[in-house]
Structures are given as C-alpha cells and as structure tokens.
Amino acid sequence: FLGKTLLGKKIEVVDEFKAIAKGLHKEIKIRKFVVISCGTGTSILYVNNSKVTHLGGTGLGGGTIKGLLLEDDMDKILNSAKDGNLDNTDILIKDISKNNISNLNKDVTCSNLGAFNSFLKNNKLKNDNKVLSNLSLGVLNLVYQNIGVCAALASNIVKTKNVVFIGNAVNNIYAKIFLRVVEKLYKKKFYFVKESGYIAVKGCL
C-alpha cells in the first residue's frame, strides 16, 4: 500500500513476526516461548532465541467477538458482560455428570453457548439487556477459552510451558480471567506484557 518513501524518508519493510520476537525480547527475559498475537484474528508463533516459526493461527479474535455481538465498541461489550453468568450460556461438566471426568473438574466447559437457547426458552426473557449481558459473557468466554486451548496445544508441540499473549484483543479483564482458567487446566505459564498492542512496533525500533 505504501511506496518506497514517506515524507521524504525511505521505507524499510520489516517482517512482522521477526518484529514481534524482537519486541518481546526487549520486554521479557525468557527466550523460548509460544506467542499468541490476538487482534482481529489470532496468529501463533514459536520463538526460540532469535529463531521465529509461524505455527499457525485461528480466525477467532476480537473480530469474532464484535461480529457475533453486532457491536464494534469493545468497551460496551465488556460493560454488558458484567451482569452475565456462564451457567446461563454454557454446558459444563457438572451439567452432565455428578463427578469430575478424569482430570477435568465440574466447572470445565463441555459446550460453549450450548445452554443459551434453553436458558432463553425456559426463562421467556423479554429483557434485552439481560439477554445481551449473558450472551456477551458467553461469547467472550468462547473466544478466549478456545484461543487459550490453541495456545496450550501449540506449546505442547514445541515442548515449552511458556506462552506470551500480545495484541489489543487481550487487553481486558475477561481475556485474562478466561485464559487463566486454561492456564491452570493445562499447567502452562501464561504471560501478559504491558503495551502488548505495540510489541511489533517496538521490534522495529
């Protein structure tokens, strides 16, 4: 989209993934880790010292949240979710079993949003705000929980417990709450860095 110069200055193209790795090396001390770059969608990288490998990605991200909830203002979505309850949206192990299943406790999700339709029918809700608050929380959990699972499985492949999350889509309290649940379940070490939306920029400097 840009030419060879901008405002009279020569433009130097920097590889995005290398810039992310370089930016993170300025922020954290660990040198072997998986990177989850979460914006509109999500990229998954593996950093081993100076070597960067693109492992894959998922279409889940901030764009998914906004698209499913038909709302572009993330602050409104987060505010709406405050009055939500995942018992009204998700099917959990405790809904299908009296006991834990293997190493999975009764609060682990079996189906994201699997209970939401029944919740609406059984309660005959006419309060749009109550419907939206539950749906907002359920969608946030769906996206962040599954990104976390992708992160954990990717870290298994490259044999590291360290996962670093960056990007504007993880700069909110719900991202951290739901990702911490996955961290504990998979026995990983999740890191969140300051100003994570500008890590690639820092790597270009």
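**Notebook: one sheet, one patch, two loops**

I began inside the sheet and found Val35 opposite Val164 in E8. The model I am reading is predicted.

Next I looked up the strands around that spot. Strand E3, residues 32-38, pairs with strand E8, residues 162-166. The pairing is parallel and runs over four bridges. I reminded myself that strands of a sheet pair through backbone hydrogen bonds, either parallel or antiparallel.

Then I traced the whole sheet. It is open, has five strands, and follows the order E5-E4-E3-E8-E9. The pairing across it is mixed. Why do E5 and E9 each have one side without a neighbour in the sheet? E5 (51-58) and E9 (189-192) stand at the edges, and each has a single partner strand, so one side stays free of a neighbour. I noted an average twist of 25° from one strand to the next.

What packs on this sheet? I found helix H7, residues 173-186, touching E8 and E9. Its direction makes about 160° with that of E9.

I followed the chain out of H7. Lys187 lies in the loop between H7 and E9. Its phi is positive, about 55°, although Lys187 is not a glycine. Lys187 counts as exposed because its relative accessibility is 61%, and the cut-off is over 50%.

I checked Lys159 too. Lys159 sits in the loop between helix H6 (128-157) and E8. Its phi is also positive, near 60°. Lys159 is exposed, at 69% relative accessible area.

Last, I looked at the surface. Tyr198, Val201 and Leu205 form a nonpolar patch there, with about 360 Å² of accessible area together. Leu205 comes in the segment after helix H8 (199-204). Is Leu205 buried or exposed? It is exposed, with a relative accessible area of 72%.

Key
Residues are numbered from 1 along each chain as its sequence is written. This is a predicted model: local features need pLDDT of at least 70, side-chain atom pairs count only at pLDDT 80 or more; totals for chains, interfaces and linings use all residues. Side-chain values use heavy atoms; hydrogens and water are left out. Two strands pair if DSSP finds at least two bridges between them. Helices (H or I, at least four residues) and strands (E, at least two) are DSSP runs, numbered from the N terminus. Axes are lines fitted to C-alpha atoms, for helices over the stretch in contact, and angles run from 0 to 180 degrees between N-to-C directions. Contact means heavy atoms within 4.5 Å. Patches are made of residues with over 30% relative accessible area and no salt bridge: like charges are joined within 9 Å, nonpolar side chains (Val, Leu, Ile, Met, Phe, Trp, Tyr) within 5 Å. Accessible areas come from the Shrake-Rupley method with a 1.4 Å probe; for residues, only the protein chains shown count as cover. A salt bridge is a side-chain nitrogen of Lys or Arg within 4 Å of a carboxyl oxygen of Asp or Glu. Buried means under 20% relative accessible area, exposed over 50%, partly exposed in between (1.4 Å probe, protein chains only).
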